[in-house]
Each structure stands twice: as C-alpha cells, then as structure tokens.
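Hello,

Here is the structure I promised to pass on to you. Have a look at it first, and then read on for what turned up.

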Amino acid sequence: MNTIANLLIPEGIGLDVKVADKAQLLDEIGKHMERRHGLSRDWVVAGLSRREQAGSTA
C-alpha cells in the first residue's frame, strides 16, 4: 500500500527551484511527481490547488 510516507524521500526535496508564483510552483511539483512517481501532473496540480483553496499551507 502506498502512503504519503513512501513519497517523502530526500530525492523529493527541490532546492533552488525558481518560480514566479504559486501556480508555477504547483506545476513544478506536479512535473516532479509525474517524473519521479508516475502520478499525473494535472491530477497533482488540481489536488494541490484544491488544498490551497481550502486554506493556504504557505
């Protein structure tokens, strides 16, 4: 069973990621999750966007 703990690994930490705004950051996270874990970029971005609408995680 996949849990979030399986996805939180040192290779998942992005340093010096250059983004202009939150939308670009979420897209970069989506691209990373697609490359690294085979998750749909659009699905990740949509999920993170819904989460941010509920309350910012800053």
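Before the findings, one term: two residues are in contact when heavy atoms of theirs lie within 4.5 Å. Please also keep in mind that this is a predicted model.

Let me begin with α3, which covers 41-54. At 1.5 Å a residue, its 14 residues should span 20 Å, and the end C-alpha atoms are indeed 20 Å apart, so expectation and model agree. Buried in this helix are Val-44, Val-45 and Glu-52. Looking down the axis of α3, you will find its buried residues within an arc of 95°, which means that they line one face of the helix. The face turned away from that buried side carries the exposed residues Asp-42, Trp-43, Arg-50, Gln-53 and Ala-54.

What do the buried residues of α3 pack against? Their partner is α2, residues 22-37. The axes of α2 and α3 come within 8 Å and cross at roughly 140°. Angles over 145 degrees would count as roughly antiparallel, so at this crossing α2 is oblique to α3. The crossing in which α2 passes α3 is right-handed. On the α2 side, the contact is made by Lys-22, Leu-26, Asp-27, Ile-29, Gly-30, Lys-31, Met-33 and Glu-34. From α3 come Arg-41, Val-44, Val-45, Leu-48, Ser-49 and Glu-52. Val-44, Val-45 and Glu-52 are the residues of α3 mentioned above as buried.

Now for a residue of α2 itself: His-32 is found in that helix. Is His-32 buried or exposed? Its relative accessible area is 18%, and because buried means under 20%, His-32 counts as buried. Not counting residues up to four places away in sequence, His-32 touches Glu-11, Gly-12 and His-37.

Finally, follow the chain into the segment after α3, where you will meet Thr-57. With a relative accessible area of 51%, Thr-57 is exposed, because the cut-off for that word is over 50%. Which residues does Thr-57 contact once its neighbours within four places in sequence are left aside? They are Arg-51 and Glu-52, and Glu-52 is also one of the α3 residues in the contact with α2. Asp-42, on the exposed face of α3, is 15 residues from Thr-57 along the chain, and the C-alpha atoms of the two are separated by 19 Å.

Enjoy exploring it!

Best wishes

Definitions and conventions. Residues are numbered from 1 along each chain as its sequence is written. This is a predicted model: local features need pLDDT of at least 70, side-chain atom pairs count only at pLDDT 80 or more; totals for chains, interfaces and linings use all residues. Side-chain values use heavy atoms; hydrogens and water are left out. Helices (H or I, at least four residues) and strands (E, at least two) are DSSP runs, numbered from the N terminus. Buried means under 20% relative accessible area, exposed over 50%, partly exposed in between (1.4 Å probe, protein chains only). The expected span of a helix is 1.5 Å times one less than its number of residues. The arc is that of the directions from the helix axis to the C-beta atoms. Axes are lines fitted to C-alpha atoms, for helices over the stretch in contact, and angles run from 0 to 180 degrees between N-to-C directions. Angles under 35 degrees count as roughly parallel, over 145 as roughly antiparallel, 65 to 115 as roughly perpendicular and the rest as oblique. A crossing is left-handed if the near helix is turned anticlockwise from the far one by less than a right angle, and right-handed if clockwise.
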